[in-house]
Amino acid sequence: MSELAPILGGTWLVLDDSPDGNPGAQTYISITNAREVFWRNQWSPDSHSKPTALRLPVTYFSTSFEPELRVPQANMCGPNSTTTIVNIVNRYRPNVKPFQDIYKDIHQNPELSRQEQRTAGVATAHLRSLDFSVYDGIGGYGVVGVFENGPGPTVLLRAELDALPILEKRGLPYASEKKMVDTDGEEKPVMHACGHDIHIAALMGVASLLEAARGGGARAMVEDGLYNIVPLPDVVLGQHVVKNKVGTLQIGPGYALAGERTFKVTIYGRGGHLSSPQECIDPVVIACAVVMRLQTIVSREIDPQETAVVTCGSFHAGYSPNAIPDQAQLTVDAAGAVEDPTIEEIEHVPPLYNDAGTVRPLKEQFDALLGGDAIQPMVPDMASDDFSILAPDGIRYAYWTLGSTPLDVWDGYESEGRLNELPDTHSPLFAPALEPTLRIGIDTLATAALTFLRLRDSE
């Protein structure tokens, strides 16, 4: 019979990242696959206060994997059976109450992308309390936590920390009333409208669970030398809350999320007094025409067998009600007027394609943890996530979603045939059920990590 403690070994990596663009601070946990790993980084001697060479002893879980693919094969018998992993999660699950409090604190004190200093500090303090080795300042407010224990593969778990410039309207007792000056210099309301507060609280809970069982934008962090600091992972795992019914989990192989390219377009005109439009070239009128024209791209220029979404997410022009401005800015595509428009790509996120071989054992474990009725197919979504950037070529990954809409709310909308009207992520009315979403988030992420880590039998 296997002894459950000590069972876990590995190097845990937790990173809080603030890349350019919407994806903001992120937190990762990873477990690595060598007794001693040597990293040579390309930073200057004073960059991040790190030497040009860094040697850390790291140990992790013993398991077999395909080196050429750098992915551990899940051991679905013996110590890693579904029963064993469920027992481990149930035995070592931390008291959820402190993480509920952390969630409420983070929700009430959100921070915009590239400004998550306080939030990163909350995560960092928790990691240090668990005896993680912590490195910060990666890609902005990026933080890496390294947790050493036993031989085995590297598993990286991720959560994001940034909030959105949205005015919260749900009226929760812990609702955000915060405002921050964004990178464009404008003060904006701030809200955790995408569930990142649950993601980070759940990941902190997972860190506690796995530490007890022993007995963190992605692009900016990778470009800033992330894998020069921490071992390259063998498998990358992540989850995201969505508006589906609470208690459900969506996972499946193949395309899960769309790729995304975002452009900032500046249309130039000739400004003047509103009473003399004949002497001006109004960029607002031109920009409005562009927005309308964009709506025909999908219906008239994209093959009906393909899928695309084109959206104008922001529109800014002028400051005075009695003046015609000389330019307008959109975050899409445009045509020229006085001079050709400037088109600047401000974000590029690749599609997210779940590896079938990684999804298969995860689904078996999730079935055992939550019950088969709770596991649903993951329908491809036109949303995007920079998660896959964390998995360089040859490294497999899997991503799943967790339902978070309270049962009574879901049932009410469903009985009225209005499920399409449920507040979704990025809505000012989005309010996931704190429980059982947080507990399930801790359990599923811990289960995912354990799926790819060989647990040791007692001697």
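Let me start with confidence. The mean pLDDT of this chain is 77, and 75% of its residues reach 70 or more. This is a predicted model, so please keep that in mind with each value I quote.

Two stretches are weak. Over residues 1-78 the pLDDT stays under 50, although the model still has 343 contacts there beyond four places in sequence. Residues 333-338 also fall below 50, and that stretch has 21 contacts in the model beyond near neighbours in sequence.

Now the sheet. There is an open sheet of four strands, in the order E16-E18-E14-E19, and the pairing is antiparallel. Which strands sit at the edges? They are E16, residues 315-317, and E19, residues 342-349; each of them pairs on one side only. From one strand to the next, the twist averages 10 degrees.

What packs on this sheet? Helix H7, residues 283-301, does, and it touches E14, E16 and E18, the last being residues 327-330. The direction of H7 makes about 25 degrees with that of E18.

Staying with the strands for a moment: E14 covers residues 260-268, and it pairs with E19 in the antiparallel sense over seven bridges. If you want a place to look on screen, find threonine 266, which stands opposite threonine 342 in E19.

Next, the cysteines. How many disulfides does the structure hold? Zero. As a reminder, a disulfide is a covalent bond between the sulfur atoms of two cysteines. Take cysteine 312: the nearest cysteine sulfur belongs to cysteine 288 and is 9.2 Å away. The cut-off for a disulfide is 2.5 Å between the sulfurs, so cysteine 312 is in no disulfide.

Is cysteine 194 buried or exposed? Its relative accessibility is 11%, and buried means under 20%, so cysteine 194 counts as buried. Cysteine 312 has 22%, so it counts as partly exposed.

Last, the nonpolar cores. In soluble globular proteins, nonpolar side chains tend to be buried together. Here the largest nonpolar core has 51 residues, and Leu237, Leu362 and Trp400 touch the most other members. Which helix gives the most to this core? Helix H4, residues 196-213, with 10 residues. Apart from that core lies another, of 12 residues. Val236, Ala256, Met378 and Leu390 are among its members.

To close, back to the caution: pLDDT stays under 50 over residues 1-78.

Technical notes
Residues are numbered from 1 along each chain as its sequence is written. This is a predicted model: local features need pLDDT of at least 70, side-chain atom pairs count only at pLDDT 80 or more; totals for chains, interfaces and linings use all residues. Side-chain values use heavy atoms; hydrogens and water are left out. pLDDT is the predictor's confidence in each residue, from 0 to 100. Contact means heavy atoms within 4.5 Å. Two strands pair if DSSP finds at least two bridges between them. Helices (H or I, at least four residues) and strands (E, at least two) are DSSP runs, numbered from the N terminus. Axes are lines fitted to C-alpha atoms, for helices over the stretch in contact, and angles run from 0 to 180 degrees between N-to-C directions. Buried means under 20% relative accessible area, exposed over 50%, partly exposed in between (1.4 Å probe, protein chains only). A nonpolar core is a set of buried Ala, Val, Leu, Ile, Met, Phe, Trp, Tyr and Cys residues joined through side-chain atoms within 4.5 Å.
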